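Reader: I've got a model open and a few labels I'd like explained. Can we go through them?

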Amino acid sequence: MENGNNKIPSDPEQKKTNSGGWERILGGGDKASGADPVQGRAEQDPAAEAEDDALSFEKKEAERKSNSIGCVSTISYVIFVLGISIILSVFVILSVNDMFSFVKADKTAEITITDGESLRDVSKVLSKAGIIKYPSLFSTFAKLTDMDDDIAPGTYTLNASMDYRTILSNIRYKSAGKATVTITIPEGMEQDKIFALLEENGVCELWRLQAYARYYDFDYSFIKGLPYTPNRLEGYLFPDTYTFYVDDSPSRVLKKFLSNFNKKWSVEMKARLENINMSMNDIVIIASMIEKEAKFDEERPTIASVIYNRLQSSNFPRLEIDATVLYAIGGHKDTITDEDKKVDSPYNTYVCEGLPAGPICNPGLAAITAALNPEDTGYYYYVARKNGYHFFSKTYAEHQRMITEANNETFEDTVSTTSPSIEG
């Protein structure tokens, strides 16, 4: 049969010839020669076979070493973890024993605590005397149990077998036979007036309180970094009702104020402080101005808005708050003159740009809250009314009209008026 130009051979010899040709093409070898292809390759490459055997041996050896290293690493890790666990366990046992005095030597020692020594200093004295082993742990325990503010100067005989609570109880002020006095510090009172009030009530001498307020290293983060000025603690003597011992230690008295301030700052307030990207000292400064300017709590956030609006505007480089002038001149006046506004002081916001050098009083919680959460308004001015509230304005022209209205109204006109209508 024919298929185009290709012919399928029909002769048996031709088929045989073609069959041999296909075998040669497929690499089947020459049967006539009687050579076995597989045997030929084996005989022709003994070096390659030896190389394959060597590589196989190296691979198995590498796998064996890898497995050995893995086992060693696992064992080392287990030993490390066990070692750390043992060390931590031993430390915890020793710490708990030192804290609760389960098994401690019966050793007696006499220690002396001088006036003005910090909790850290007292801890070191106790450790040096052999009463405790871990000063840092003792300090932490005292703070967590609120027993760190009542340590009294004096000489004490203590025993190493006492637990931490017993030691602290022995070196604290004793209420029995010790006269006390209760004093209420109002919001907005200034530092030196507080000190004068404490001296009048027999708590501590004014000059000693002033010295400690300026130079004593209190263990509170919000005090760190403040300059050692005479009014360093202004703004941080939290207004509240306190009970003090008569002839109390100045460090203990001031720590009571600072401890209360620290406790009043809630987690929410600290979170808010981070969100508005301001320092605690800046907030206290603003709160102190709000405290002096606002008579009613509901107006505090609005006054706070005026302060923030001016701080954030290039058109108002100075706050021009009257209360800062009174703090700068060191006294109260019903009317502030133009000469008063020119007084050269870092606290006078008619002269200095931005915030004053520091707080101008000790603000209460409402003023601090307002400083952290100002109202959103467009106000840049306010003027006091006869009833204690304020008129707020967005423009200078409007502010002038409000001044005239405030001056013309009588107290009787405002008796039935509560807070003025405010539009943000």
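Author: Sure, here is how some of those labels come about, and keep in mind that this is a predicted model.

Reader: How do you know that the span of H11 agrees with its number of residues?
Author: H11 runs over residues 280-293, which is 14 residues. The rule is 1.5 Å times one less than the number of residues. That gives an expected 20 Å, and the end C-alpha atoms are 20 Å apart, so the two agree.

Reader: What makes H11 largely enclosed by the rest of the structure?
Author: Buried means under 20% relative accessible area. Eleven of the 14 residues of H11 are buried, so "largely enclosed" fits. Among them are Met280, Ile283, Val284 and Ile285, along with Glu291 and Glu293.

Reader: Why is Thr180 called partly exposed?
Author: Its relative accessible area is 47%. Buried needs under 20% and exposed needs over 50%, so a value in between is called partly exposed. Thr180 sits in strand S5, residues 180-184.

Reader: What does Thr180 touch beyond its sequence neighbours?
Author: Leaving out residues up to four places away, Thr180 touches Thr243, Phe244, Tyr245 and Val246. Take Phe244: 64 residues from Thr180 in sequence, but 5.5 Å away in space, C-alpha to C-alpha.

Reader: Which residues of H10 and H14 meet?
Author: Met269, Arg272 and Leu273 from H10 meet Leu365, Ile368 and Leu372 from H14. That contact divides into five nonpolar residues, no polar and one charged. The axes come within 10 Å and cross at roughly 35°, and the crossing is left-handed.

Terms used: Residues numbered from 1 in each chain as written. Predicted model: local features only at pLDDT ≥ 70, side-chain atom pairs only at ≥ 80, totals over all residues. Heavy atoms only, no water. Helix = DSSP H or I, 4+ residues; strand = E, 2+ residues; numbered from the N terminus. Buried < 20%, exposed > 50% of the residue type's maximum accessible area, 1.4 Å probe, protein only. Contact = heavy atoms within 4.5 Å. Axes fitted to C-alpha atoms, helices over the stretch in contact; angles between N-to-C directions. Left-handed = near helix turned anticlockwise from the far one by under 90°. Nonpolar A, V, L, I, M, F, W, Y, C, P; charged D, E, K, R; others polar.
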